[in-house]
Amino acid sequence: MNAGEETSDFCDNSQNFNEEIRETSHLCNNSQKNYNAISKDTAIHNDLEKNSTSGNGSDWAAYMNIVCVVAGSGTLGIPYALQQGGWISLIFLLLAALMSTYTSIKLIECLDHGKTRKTSVSELAYYAFGNIGLCVVGFFFNVISLGCPILYLVLSGDNLQTLFSNHGIDWGMQTWVYICAGTMCIPFIFLKSMKETAWLSIFGVVTTLLVVLIVLIISIIEYPNNLKNHHDFISFRNLPIALSTFFFSFGGNVVYPHIQASMKNKKAWPKVITLAKLTITFMYLLIGIPAYLTYGRTTMSPIYLSLPPGVIVDITMIMITMHILLALPVYQTAFSLELENFLFTNISITLNKTSEFILRTILRLILVIFTVYVAVTIPYFTNIMALLGALGNGILIMVTPMLIWIKLFGWDHFKDFKEKIWAIFILIFSLSGAIIGTWDALEALSAEIMGGN
């Protein structure tokens with residue numbers, strides 16, 4: 001099964017490894033001790049709070065980071081999701097966009113609750129629900145934050161192997177994974193924060209736009225040759241699968257706290273996230289509608305498999321691979337910041353810049369080595385991540401922000417009765433999508449294991 005197909009079901013969105021389970025267990029067992037230790041040392045705590053909220057990045061940089069992380073691989077799977085659900089699923093695509101924007105705003109509102117600002121989703125879950133919240137959310141956060149870059153490596157390695165083998169160069173996918181990892185390792189080590197990854201995101205967004213335009217133009221050109229293709233207005237059997245795909249195509253909550261923290265004008269977050277989600281939705285519609293209109297029930301995922309073979313497909317694969325390599329350091333940086341904050345709470349205070357850089361480099365090199373090891377050795381990894389990502393993304397994107405907001409602020413702080421109904425609708429709708437997506441991923445994993453046997 002193509003790695004790109006599995007990636008499109010949950011990554012842009014976007015993620016079971018034993019190492020991460022042990023790490024999450026470690027977080028749960030030591031979380032209260034860690035947070036209490038920080039709160040007891042007032043001077044260090046104040047310095048940490050100042051460092052975590054003193055970003056000076058522009059709104060434009062934050063916008064680019066969001067679009068780059070969310071839109072990339074999501075564009076590849078949207079046409080296939082429309083094929084699964086039929087034309088009616090466009091409504092669910094728009095609903096997913098509205099709900100994810102709303103929950104993203106609510107998530108950031110929760111970060112500033114209380115006397116001190118929270119710096120991550122995991123810390124916020126601990127603040128709201130204690131160790132239970134930290135264990136559950138922390139587990140899925142770590143799985144997705146590490147799993148998505150691993151899947152990106154698998155997809156990029158597979159793309160390059162396919163591309164070059166068609167031209168007589170057969171180095172093997174593992175070799176290309178090593179090359180891709182080495183390429184993304186350089187910016188990952190030297191870019192300290194999300195603010196500094198913005199220039200990577202600009203190029204990532206450009207490559208995604210080029211892919212959208214290529215698919216749009218080819219779909220229009222090919223339409224007269226595909227008039228006999230059939231379309232469905234609604235496919236009840238596969239509509240839930242399309243719905244779960246849409247949810248996961250608007251993922252990104254694992255990096256939003258770090259992106260917002262890098263902004264100089266943090267109050268502009270609602271405007272920035274809304275504009276970014278509008279852009280992403282427009283890109284999805286621009287690639288999804290013409291592609292499904294042209295290829296109908298024959299639409300495949302990733303969408304470039306439906307295009308006529310030749311130079312155009314090669315260019316599309318190159319653009320997608322470039323986007324993946326540009327988005328990888330952004331995802332890895334978000335997870336690394338989380339890990340660095342946990343392991344070295346006062347690193348910027350006790351160490352000089354050179355020592356801090358060396359320590360950070362060692363830690364990030366370890367992360368890259370672990371990422372590569374999993375990418376080339378774990379069997380059925382894409383389907384395992386599809387399983388964990390279906391449930392994890394559903395929890396992190398929609399459910400977690402709403403539950404935390406309700407726990408911290410209470411029902412009475414909703415503006416009116418309509419907003420309460422909207423919040424209940426989001427919880428029910430997103431939980432249904434997560435359950436259905438998890439079931440579908442279980443079936444895919446079971447089928448691949450049985451097929452392998």
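**Reading helices and ring pairs**

Mentor: F425 and F429 both lie in helix α16 (residues 417–452), and, being 4 residues apart, they are separated by about one helical turn. Helices here are DSSP runs (H or I, at least four residues; strands are E, at least two), numbered from the N terminus. This is a predicted model, in which local features need pLDDT of at least 70 and side-chain atom pairs count only at pLDDT 80 or more, while totals for chains, interfaces and linings use all residues. Residues are numbered from 1 along each chain as its sequence is written, and side-chain values use heavy atoms, with hydrogens and water left out.

Trainee: Why does a spacing of three or four places matter in an α-helix?

Mentor: An α-helix has 3.6 residues a turn, so residues three or four places apart point the same way.

Trainee: How many aromatic pairs are there, and how do I read one?

Mentor: Rings of Phe, Tyr and Trp (its six-membered ring) pair if their centres lie within 6.5 Å, and planes under 30 degrees apart count as stacked, over 60 as edge-to-face and the rest as tilted. By this rule the count comes to 15 aromatic pairs. F139 and F140 make an edge-to-face pair, with 5.2 Å from centre to centre and 70 degrees between the planes. The pair of F425 and F429 is stacked, because the ring centres are 4.9 Å apart and the planes stand at 20 degrees. F425 and F429 also belong to one aromatic cluster with F92, Y102 and W422.

Trainee: Which of these phenylalanines, F425 or F429, is buried, and which is partly exposed?

Mentor: Buried means under 20% relative accessible area, exposed means over 50%, and partly exposed lies in between, with a 1.4 Å probe and protein chains only. F425 has 31% relative accessibility and so counts as partly exposed, whereas F429, with a relative accessible area of 15%, is buried. In the edge-to-face pair, both F139 and F140 are buried. The same reading can be applied to a whole helix: in α9 (residues 239–249), 9 of 11 residues are buried and the helix is mostly covered. Among the buried residues of α9 are F246, F247 and F248.

Trainee: Where do lysines sit over rings, K106 being one of them?

Mentor: A charge sits over a ring if NZ of Lys or CZ of Arg is within 6 Å of the ring centre and within 35 degrees of the ring normal. The charged end of K106 is placed over the ring of W405, 4.0 Å from its centre, and K118 lies over the face of Y127, at 3.9 Å from the ring centre.

Trainee: How should I describe the way α6 and α7 cross?

Mentor: Axes are lines fitted to C-alpha atoms, for helices over the stretch in contact, and angles run from 0 to 180 degrees between N-to-C directions. Angles under 35 degrees count as roughly parallel, over 145 as roughly antiparallel, 65 to 115 as roughly perpendicular and the rest as oblique. The axes of helix α6 (residues 121–165) and helix α7 (residues 173–190) come within 8 Å and cross at roughly 120 degrees, and α6 and α7 are therefore oblique to each other. Residues that make this contact (heavy atoms within 4.5 Å) include L153, Q161 and F164 of α6 and M173, W176 and A181 of α7. Q161 of α6 counts as buried because its relative accessibility is 14%. Not counting residues up to four places away in sequence, Q161 touches D170, W171, G172, M173 and W176.

Trainee: What about α7 and α14?

Mentor: The axes of α7 and helix α14 (residues 353–377) come within 10 Å and cross at roughly 160 degrees, so α7 and α14 are roughly antiparallel to each other. Among the residues that meet there are Y178, M184 and F188 in α7 and F357, R360 and L365 in α14.

Trainee: Which residues does I287 contact beyond its sequence neighbours?

Mentor: I287 is in helix α11 (residues 269–295), and with 0% relative accessibility it counts as buried. Leaving aside neighbours within four places in sequence, I287 is in contact with T75, P79, V212, V215 and I303. The C-alpha atoms of I287 and V215 are 6.4 Å apart, although 72 residues separate them along the chain. T75 belongs to helix α4 (residues 59–85) and is buried, with a relative accessible area of 0%. With the same neighbours set aside, T75 is in contact with T208, V212, Y284 and I287.
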